Amino acid sequence: MEKHDTLPSGELEIMQILWQCSPPVSRSTIESKLKEKKNLAPSTILTFLTRLCERGFLSVSHNGRTNLYTPLISKKDYLAEESRRMLDRLYGGSLSAFAVSLCDSGVSKEEIEELRKMLEEGNL
């Protein structure tokens, strides 16, 4: 699997929208869904989309005058890469150090039980 860089927050918001939609997605669709959260200038959105294409996160196709964007990495794959990066960067790759920190952060007993069940069932 090809490794991708960590996305800045603005570009990640664009990717979150694209992952929620059935590809390909037009810029106008992205703009309308983004306006539900924040109001960015169309030029800013276009800059984000261009960067995402240049960095290998998106492909762009054309339908007349409309650009259509398709994710080249799934949300699942991106989150897996980011999780591994976080584990390596913050915990030296130690899952047990992460688990201790997670427990210290106030994770509920119910959440711990849910994780335990997922581990036992092979869902993690």
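Visitor: How long is the polar contact that joins the side chains of Ser26 and Thr29?
Guide: A polar contact is a pair of N or O atoms within 3.5 Å; within protein, one must be able to donate a hydrogen and the other to accept it, and residues adjacent in sequence count only if both atoms are side-chain atoms. This is a predicted model, in which local features need pLDDT of at least 70 and side-chain atom pairs count only at pLDDT 80 or more, while totals for chains, interfaces and linings use all residues. Residues are numbered from 1 along each chain as its sequence is written, and side-chain values use heavy atoms, without hydrogens and water. The side chain of Ser26 makes one polar contact with that of Ser28 at 3.1 Å, and the contact with Thr29 comes to 2.9 Å.

Visitor: Is Ser26 buried or exposed?
Guide: Ser26 sits in strand S1 (residues 25-26), where strands (E, at least two residues) and helices (H or I, at least four) are DSSP runs numbered from the N terminus. Buried means under 20% relative accessible area, exposed over 50%, and partly exposed in between, with a 1.4 Å probe and protein chains only. Ser26 has a relative accessibility of 12%, so the verdict is buried.

Visitor: Which residues does Ser26 touch, not counting those up to four places away in sequence?
Guide: Contact here means heavy atoms within 4.5 Å. With residues up to four places away set aside, the partners of Ser26 are Thr66, Asn67 and Leu68.

Visitor: Which strands stand at the edges of the sheet?
Guide: The sheet is open, with 3 strands in the order S1-S3-S2 and antiparallel pairing. Strands pair if DSSP finds at least two bridges between them; S1 and S3 have 2 bridges, and S2 and S3 have 6. Two strands have a single partner each, so one side of each is left without a neighbour in the sheet: S1 and S2 (58-63).

Visitor: What angle does the direction of H1 make with that of S3?
Guide: H1 packs on the sheet, where it touches S1, S2 and S3. Axes are lines fitted to C-alpha atoms, for helices over the stretch in contact, and angles between N-to-C directions run from 0 to 180 degrees. For H1 and S3, the result is about 85 degrees.

Visitor: Which helix gives the most to the largest nonpolar core?
Guide: A nonpolar core is a set of buried Ala, Val, Leu, Ile, Met, Phe, Trp, Tyr and Cys residues joined through side-chain atoms within 4.5 Å. The largest one has 19 residues, and Ile14, Met15, Leu18, Ile30 and Leu49 touch the most other members. H1 (9-20), H2 (27-35) and H3 (42-54) each supply at least two residues, but the top contributor, with 5 residues, is H1.

Visitor: Why are the buried residues of H2 on the same side of the helix, and what arc do they cover?
Guide: In H2, the buried residues are Ile30, Glu31 and Leu34. They pack against H1, S1, H3 and strand S3 (66-71). The arc is taken from the directions from the helix axis to the C-beta atoms. They are on the same side of H2 because the arc they cover around the axis is only 100 degrees.

Visitor: What distance separates the C-alpha atoms of Leu12 and Gly92?
Guide: Leu12 lies in H1 and is partly exposed, with 26% relative accessible area. Beyond four places in sequence, Leu12 touches Leu7, Trp19 and Tyr78. Gly92 is 80 residues apart from Leu12 along the chain, and their C-alpha separation is 25 Å.
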